[in-house]
Amino acid sequence: MIKFEYYDASELTDEDRQDLWDQDVCMDDWDYLLFSEVEGPMDKIDWIIESDNVEIEFYPADYNVEKLLTGCCNNRWHKVKNFKGRQGVLGVAYHS
């Protein structure tokens with residue numbers, strides 16, 4: 001079973017946002033975040049990886065998980081080493 005935690009802008013501190021920026025997670029114009037903690041090696045996560053030689057994008061291999069992000073623009077999934085002191089999968093739903 002995969003459990004996700006939901007976060008909106010009021011639940012993140014400036015330090016949380018900076019930690020994500022430092023991990024190349026864009027924190028501009030987002031609606032909400034979904035986080036799932038991963039214990040152990042991050043390569044246990046089943047991902048689809050796409051690359052256009054400039055940028056690498058990750059998508060959960062499970063269609064139902066991928067569709068949890070319903071922002072109206074460029075939704076993104078990230079592997080993060082530090083979100084509130086934990087490592088895991090972070091989904092960001094953007095609005096513009």
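**Salt bridges and overall architecture of the chain**

The accessible surface of the chain comes to about 6100 Å², and 47% of this area belongs to carbon and sulfur atoms. The values reported here were computed from a predicted model. Of the 96 residues of the chain, 34% count as buried. The chain holds two helices and six strands, which follow one another from the N terminus in the order β-α-β-β-β-α-β-β. Among contacts between residues at least 6 apart in sequence, 54% join residues that are at least 24 apart.

Side chains of opposite charge can pair when their charged atoms come close. In this chain the count comes to four salt bridges. One of them joins Glu 5 and Arg 86, whose closest N and O atoms are 2.8 Å apart. This pair links distant parts of the chain, since Glu 5 belongs to strand β1 (residues 5-7) and Arg 86 to strand β6 (residues 86-94), with the two positions 81 residues apart in the numbering. Glu 5 has a relative accessible area of 28% and is therefore classed as partly exposed, the range for that class lying between 20% and 50%. Glu 5 and Arg 86 are also linked with Glu 37 in a network of salt bridges.

Helix α1 contributes to two further pairs, of which one lies within the helix and one reaches out to a loop. Within the helix, Arg 17 forms a salt bridge with Asp 14, the closest N and O atoms being 3.7 Å apart. Both residues lie in helix α1 (residues 14-21), where a spacing of three residues corresponds to about one turn of the helix. The two partners fall into separate accessibility classes, as Arg 17, at 22% relative accessibility, counts as partly exposed, whereas Asp 14, at 63%, counts as exposed.

The side chain of Asp 16 meets that of Lys 84 in a salt bridge with an N to O distance of 2.6 Å. This pair, too, links distant parts of the chain, with Asp 16 in helix α1 and Lys 84 in the loop between β5 (73-83) and β6, 68 residues apart. Asp 16 has a relative accessibility of 10% and so counts as buried, the cut-off for that class being under 20%. Its partner Lys 84, at 35% relative accessibility, counts as partly exposed.

Note on methods. Residues are numbered from 1 along each chain as its sequence is written. This is a predicted model: local features need pLDDT of at least 70, side-chain atom pairs count only at pLDDT 80 or more; totals for chains, interfaces and linings use all residues. Side-chain values use heavy atoms; hydrogens and water are left out. Helices (H or I, at least four residues) and strands (E, at least two) are DSSP runs, numbered from the N terminus. Buried means under 20% relative accessible area, exposed over 50%, partly exposed in between (1.4 Å probe, protein chains only). Contact means heavy atoms within 4.5 Å. Accessible areas come from the Shrake-Rupley method with a 1.4 Å probe; for residues, only the protein chains shown count as cover.
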